[in-house]
Amino acid sequence: MKDQLLGYFQRVWKGFLAFSPGQKAVSIIALLAVVIGGYVFTQWAAKPTYAPLFTNLSATDASAIIDKLNANKVSYQLAAGGTEIDVPQANLYAQRLAISAAGLPSSGSSGYSLLDKEGVTTSDFKQQVDYQRAVEGELSMTIKSIQGVNAAAVHLAIPQQDVFNDGTVKTTASVLLTTAPGTTLNSQQVQSVVNLVANSVPGLATNDVTVSDSTGKVLSAGDGTDSSTSTDTQTAATKDYNSRLSSSLQAMLDQLVGAGHSSVIANAQLNFDKSDSTSKTYVYTPGTPPTSQSDTKEVYSGTGNAGGGILGAGGTSAAQQSAGTVAGSTASSSNANGSYSKTSNTQDNAVGTVTTNTVAAPGTVSKLNVAVVLDSSVPNINKTAITNLITSATGLNTARGDQLAIEAMPFDTSAAKQAAQASATADAAAKAAAKKAQLNSMMRTGGLVVLVLAVIIGTLIAGRRRRKAAERAALEEPDEMDDLIHQLQYETPQEVIVEPSPTLAQTTAGQEELANQRRVLVTLAENQPQDVARVMRSWLSSNN
């Protein structure tokens with residue numbers, strides 16, 4: 001097997017030596033390309049796939065985790081500005097468990113694990129402080145789980161609970177958020193942070209939670225207002241409403257008068273005041289039985305001189321006393337019978353109460369102004385119809401001061417014409433540049449093709465010239481092979497002096513000479529292959 005491989009490599013090497021210089025250079029370049037390509041492919045295939053081990057790390061945690069990975073002899077990569085550590089996919093879960101078992105990442109917020117370090121002799125003050133720190137840490141880790149939040153710091157101001165606390169000092173909280181680059185929290189996410197903090201601390205109201213971001217912008221104030229009522233948000237909301245209203249009106253007018261023949265501007269004033277009203281109404285359902293009922297009746301009758309009249313100067317006469325009645329009782333004159341009767345009925349009916357609490361959300365339209373300019377060059381413009389359409393589309397209310405102005409006047413189209421001309425010029429220049437680039441590409445491609453053809457043709461011509469020169473040199477300077485061939489062609493076998501082979505000692509003299517000459521030819525072909533090839537070519541050339 002070894003001899004076969006050695007013989008194979010010898011044949012390859014001899015074949016390489018028989019190449020022309022150009023063929024040798026091409027063969028070497030191809031071999032180098034194969035070796036380098038194989039090396040690059042092997043390195044790429046052997047490179048492990050990395051996956052995030054931990055993200056959003058602080059500098060302290062990242063340094064501690066890197067030390068742990070170095071101790072475990074695990075390769076890693078840093079990403080996201082050093083806040084993310086990637087490890088090979090094969091080691092991801094094992095290293096995550098090992099590092100978590102070491103208490104990493106700590107993130108500076110230990111949470112309720114702080115309470116595990118307290119002893120029996122811990123003072124009440126330290127217990128309260130540790131509890132507050134634990135709650136702050138747990139809230140920070142909880143808020144960080146919200147999408148878009150990279151870090152969160154929670155600070156609680158909890159008043160000391162003692163006999164001197166009359167309840168006037170309230171618990172407050174402040175939250176500082178660090179969001180991911182390019183991320184903006186909406187009002188719902190901010191309100192969720194407020195609710196998380198307020199419902200996690202006893203006695204903490206949502207109005208006492210302040211939320212800010214790392215840029216110093218107040219996302220939720222502690223006076224009960226949120227980010228939706230901030231000045232920046234109010235301006236953005238007003239601008240967005242005006243833009244949407246103007247776009248919808250412009251689209252409608254483009255269908256009526258054509259694109260570019262109208263312009264609409266809407267200016268709305270939004271009311272961001274938050275109002276809360278409560279009303280109470282009492283209702284009674286007929287046919288409902290009373291909850292309680294009482295009847296009272298008083299009756300009196302008797303004889304005697306019943307002195308009548310009313311004390312004072314305004315008293316009645318005897319005739320009036322004999323015939324009058326006072327408050328359901330009957331009074332009689334002297335020597336007459338008297339009687340008194342009174343009946344009363346009291347019922348307590350069941351009355352229902354309806355309490356309505358109405359909260360007006362901020363952002364309602366308090367006033368709306370719309371201005372429309374139409375191109376007077378457009379024929380048959382019906383301003384009345386356009387006015388009715390815009391009034392219905394925008395819900396204009398003149399009672400609250402809304403205004404609509406529609407005017408028709410000539411439009412200045414010079415800018416549009418210049419823009420169209422510039423666009424046409426730019427398109428023509430772009431097409432010319434594209435054609436030029438295409439022509440240059442074709443010229444480069446053609447030049448490359450011509451160059452390759454020139455190299456091939458030059459190589460062929462040079463090779464032909466070298467062959468002709470070699471043939472002429474072979475004809476002019478015969479070497480040992482030519483002499484041998486001459487001997488083989490024109491001389492007798494006895495004139496060739498070759499040592500007889502021991503293996504052919506018993507053959508005839510003529511056969512032995514032929515065998516020796518054959519061996520000489522084989523030996524010359526192995527030792528001087530180029531000379532033999534040149535002589536063979538000269539034979540072929542002479543025969544042709």
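Here is a short briefing on the overall make-up of this protein and on two spots worth a look, glutamate 84 and the surroundings of valine 455. Please keep in mind that the model is predicted. The protein has 544 residues, and 20% of them count as buried.

**Overall picture**
- The secondary structure amounts to 13 helices and 16 strands.
- About 37100 Å² of the protein is exposed, and 57% of that area is supplied by carbon and sulfur atoms.
- Take the contacts between residues at least 6 apart in sequence: 65% of them join residues at least 24 apart.

**Glutamate 84**
- You will find glutamate 84 in strand E3, which covers residues 84-88.
- Glutamate 84 is buried, yet it has no salt bridge.
- Arginine 96 is the nearest side chain of opposite charge, and it is 9.2 Å away from glutamate 84. A salt bridge requires a side-chain nitrogen of Lys or Arg within 4 Å of a carboxyl oxygen, so this pair does not qualify.
- Once neighbours within four places in sequence are set aside, glutamate 84 is in contact with Pro52, Phe54 and Thr55, as well as with Gln77, Leu78 and Ala79.

**Valine 455 and the nonpolar patch**
- Valine 455 sits in helix H10, which runs over residues 414-476.
- With a relative accessible area of 48%, valine 455 is partly exposed.
- Val455 belongs to a nonpolar patch on the surface, together with Leu448, Val449, Leu451, Val452, Leu453, Ile456, Ile457, Leu460 and Ile461.
- Together, the residues of this patch have about 910 Å² of accessible area.
- Patch members need over 30% relative accessible area, so the 48% of valine 455 meets that cut-off.

Conventions. Residues are numbered from 1 along each chain as its sequence is written. This is a predicted model: local features need pLDDT of at least 70, side-chain atom pairs count only at pLDDT 80 or more; totals for chains, interfaces and linings use all residues. Side-chain values use heavy atoms; hydrogens and water are left out. Helices (H or I, at least four residues) and strands (E, at least two) are DSSP runs, numbered from the N terminus. Buried means under 20% relative accessible area, exposed over 50%, partly exposed in between (1.4 Å probe, protein chains only). Lys and Arg count as positive and Asp and Glu as negative; His and the chain ends are not counted. Contact means heavy atoms within 4.5 Å. Patches are made of residues with over 30% relative accessible area and no salt bridge: like charges are joined within 9 Å, nonpolar side chains (Val, Leu, Ile, Met, Phe, Trp, Tyr) within 5 Å. Accessible areas come from the Shrake-Rupley method with a 1.4 Å probe; for residues, only the protein chains shown count as cover.
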